[in-house]
Amino acid sequence: MSVPLIRFDWRRLSAMMRKEFAQISRDPSTFLIALFMPLLLLFMFGYGVSLDTSGTRIALVVEDDSAQAMQLTQSYRASPYFKADILRNRQEARARMVASEIRGMVVIPQDFGRTVLSGRIPEIQIVTDGSQPNMAQFVAAHAQGVFQSWLGAEGLADMPAAPQIEVSARYWFNPGLKSRYFLVPGSIAIVMTMIGTLLTALVVAREWERGTMEAIMATPVSMTEFIASKILPYYLLALASMTLCTVLGVTIFELPFRGSVLALYAIASAFLMPALGLGLFISSATKNQFVASQMALLASFLPTFLLSGFIYEISSMPLPIQAITYLVPARYLIPSLQTVFLTGDIWGQFLPNIGIMLLFGLFFFRLSFRATRRSLD
Amino acid sequence: MGRIWAMIVKELLVVLRDPKGRTVLVMPPLIQLFVFTFATTLDVKNVDLAVLDQSRGAQSVELVQRLAGSPNFREIRMLHSMAELEQAIDRQEVLGALVIEQDFDRRLARGEPVQVGLVLDGRRSNAAQIVNGYVGQVAAGMNADAIPQLREGGARVTHWFNPSLDFIWFTLPSLIVIITSVAGLAITSQSVSREREMGTFDQLLVAPLHAHEIIIGKIVPPVLVGCFNGTLFMILAQLVFGVPYTGSLLVFFPCLLLYMLSLIGIGLFVSSLSMTQQQSFLGSFVVTNPIMILSGYASPIENMPEWLQTLTYINPARYFLVIVQGLFLKAMPLAAVLQQAWPLALIALVTLYAAGRLFRARME
């Protein structure tokens with residue numbers, strides 16, 4: 001009683017798809033994931049995740065009463081990067097740092113004014129809360145910056161004319177260095193992963209768990225028709241969700257869109273192949289919604305989040321992890337998406353990425369065909 | 001008491017009976033531990049940089065050699081034209097390109113200050129900013145060697161609690177928060193809806209059990225799994241990754257329990273609202289995301305807009321993150337822990353109460 005593999009009939013397919021669409025539209029959770037989740041992600045990444053720091057709370061421990069110390073204090077208080085409270089001793093500042101109320105402190109020592117008056121460069125101490133390394137680096141860099149520019153204004157940093165190299169940086173494609181410029185393409189990747197893999201895995205696992213899979217298998221529907229009827233609706237849903245993200249990103253978050261719509265859809269479609277294939281495979285291999293959901297999280301959501309270059313630089317990872325990233329389809333999606341939004345159509349970059357994603361898709365589909373067929377016997 | 005015990009045993013069996021389910025409770029967290037730890041560094045290393053050296057004098061060669069010698073750069077690719085530069089950046093082959101003008105050496109020889117241009121790929125704006133810092137350091141090093149006065153005085157920087165700013169010391173304590181949350185929410189949210197989908201919920205209703213007994217039975221397994229994972233991670237963080245734990249263990253466990261309870265309240269709430277496992281899973285997923293992203297782990301809370309900062313006061317992860325980081329690295333004293341723990345207790349109380357009410361309403 002083997003199920004024919006190749007038989008294909010449009011009428012049967014459309015009947016199956018109608019059933020799938022009815023299921024989608026009856027379950028509010030699909031809308032939660034396809035409509036609400038993209039909005040939530042964009043919103044959180046747009047407002048919540050900001051690596052553009054300002055107004056960091058620090059303490060100024062001023063141990064010197066001189067006019068120079070007061071001027072430097074004023075410079076720190078005027079800096080947009082800091083919200084500085086003035087304290088008299090280091091113990092209090094330490095206690096506040098332990099309680100995570102402040103991120104660092106600047107100590108202006110007793111002989112500060114005297115050193116300035118004698119024409120030498122004075123010393124200050126910058127102490128940061130190292131438990132958050134990024135923040136610590138940021139506090140150190142900006143605290144030094146404020147001090148340097150104060151020294152310059154005091155005329156102390158005037159150096160004799162001597163060779164001096166200055167680096168002037170220009171950021172292409174994102175001159176304002178807005179982090180949402182890379183967070184929006186990242187959200188698109190995550191939303192497509194969720195619909196493609198998570199949702200598909202859940203839906204098909206449910207058919208197995210409830211036993212309706214056997215019911216479908218008993219009908220004249222062939223494997224190809226069955227898989228197509230599961231894939232097409234979620235493919236369309238994912239594309240719709242991606243479109244929503246793009247429109248919101250461009251209108252509300254003012255993300256530039258310098259490539260073409262054709263390229264965007266080509267890239268997205270190519271990525272959805274491995275995403276859907278993986279979802280199908282997980283559901284056929286686990287046949288249990290809870291296990292399928294946890295596997296889908298582990299095999300698709302986390303890699304898309306962590307190993308795709310979306311937030312964390314792949315080149316900074318240890319070599320074994322870098323090797324693993326080559327197996328993550330999103331790794332080929334993220335750079336292409338960033339390019340299509342911020343740079344334009346660079347087909348020299350898109351085509352190899354699309355090709356690799358399609359190969360992954362082919363691989364996962366073969367796997368799930370096998371897993372489904374075997375489990376029928 | 002006997003009834004509660006029977007209920008707890010039944011719930012534990014549901015979670016632990018299935019071998020695949022058992023594996024799923026422990027393996028993914030362990031995989032996450034290693035992947036997270038090694039992948040989530042915001043350090044930028046092994047960067048490929050391009051150089052367009054149009055001066056080709058002693059000083060410009062010196063600058064390029066210093067860049068090549070910096071441990072942060074992997075490959076320094078020499079370019080010959082602006083067109084090459086544009087292509088290398090467009091295709092993301094290099095993260096940045098340094099442009100040294102023709103008069104670089106001539107101006108330095110005359111004692112004039114000189115600018116070098118650094119073109120960076122703004123698509124990866126974070127990494128680009130850090131690379132800008134690296135190149136600046138190399139240039140500053142060259143300047144300092146040329147001008148001795150630049151080396152004295154100035155600001156002395158110290159980092160407390162984590163002197164070498166090891167990123168793992170930040171990641172691992174935070175991971176305890178993330179992993180216990182995922183376990184707490186995923187297991188709890190599934191527990192009621194699974195019964196409903198399987199039809200065993202009705203059996204539960206006719207069993208001689210009070211609503212609160214059922215709820216206690218549902219609370220225990222996720223608490224145990226969460227505490228198990230949390231403890232395992234705490235031990236691994238110290239033994240395998242060498243992160244120091246400086247606080248008191250007596251403080252850690254009550255806080256972990258409070259945190260688990262506040263999440264389980266949220267999970268039960270989602271579960272009672274859902275009719276199917278799919279709904280409860282997706283619902284808990286939608287809830288987990290903001291809890292994690294707005295906890296202060298992904299980016300500092302003070303960077304958020306004011307109104308969103310206010311909203312994070314109802315996020316339990318926010319408090320637990322401060323406690324865990326404080327207990328690991330800062331030997332946080334009890335008073336400071338309590339400051340974070342009482343909102344946690346309040347949230348636990350409110351969410352559990354609300355979930356209980358909703359659960360009871362659904363039973364009738």
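## Confidence along chain A

Let's start with how sure the predictor is, since this is a predicted model. In chain A, confidence bottoms out among the helices at α8 (residues 212-217), with a mean of 79. At the other end, helix α10 (residues 261-286) of chain A gets the highest value, 94.

Taken over the whole of chain A, the mean pLDDT comes to 85, and 94% of the residues reach 70 or more. One stretch to treat with care is residues 159-163 of chain A, where pLDDT stays under 50. For that stretch, the model has 10 contacts beyond four places in sequence.

## Two domains

Chain A splits into two domains. Domain 1 is built from two pieces of the chain, 10-49 and 178-376, while domain 2 covers 56-154. Between the centres of these two domains of chain A, taken over C-alpha atoms, there are 49 Å.

## A sheet with strands from both chains

Now for the sheet: it's an open one with 5 strands and mixed pairing, in the order β2(A)-β1(A)-β3(A)-β4(A)-β5(B). At its edges sit β2 (82-87) of chain A and β5 (154-160) of chain B, each pairing on one side only. Ignoring direction, neighbouring strands here are turned by 25 degrees against each other on average.

Zoom in on strand β1 (residues 56-62) of chain A, and you'll find it running parallel to β2(A), with 6 bridges joining the pair. Arg57(A), for instance, has Lys83(A) in β2(A) as its bridge partner.

## A helix on the sheet

Helix α4 (residues 90-98) of chain A packs on this sheet. Helix α4 touches β1, β2, β3 (104-108) and β4 (123-129) of chain A, plus β5 of chain B. The direction of α4 makes about 165 degrees with that of β1(A).

Key: Residues numbered from 1 in each chain as written. Chains lettered and ligands numbered in written order. Predicted model: local features only at pLDDT ≥ 70, side-chain atom pairs only at ≥ 80, totals over all residues. Domains from an automatic or database assignment. pLDDT = per-residue confidence, 0-100. Helix = DSSP H or I, 4+ residues; strand = E, 2+ residues; numbered from the N terminus. Contact = placed C-beta atoms within 7 Å. Pairing = 2+ DSSP bridges. Axes fitted to C-alpha atoms, helices over the stretch in contact; angles between N-to-C directions.
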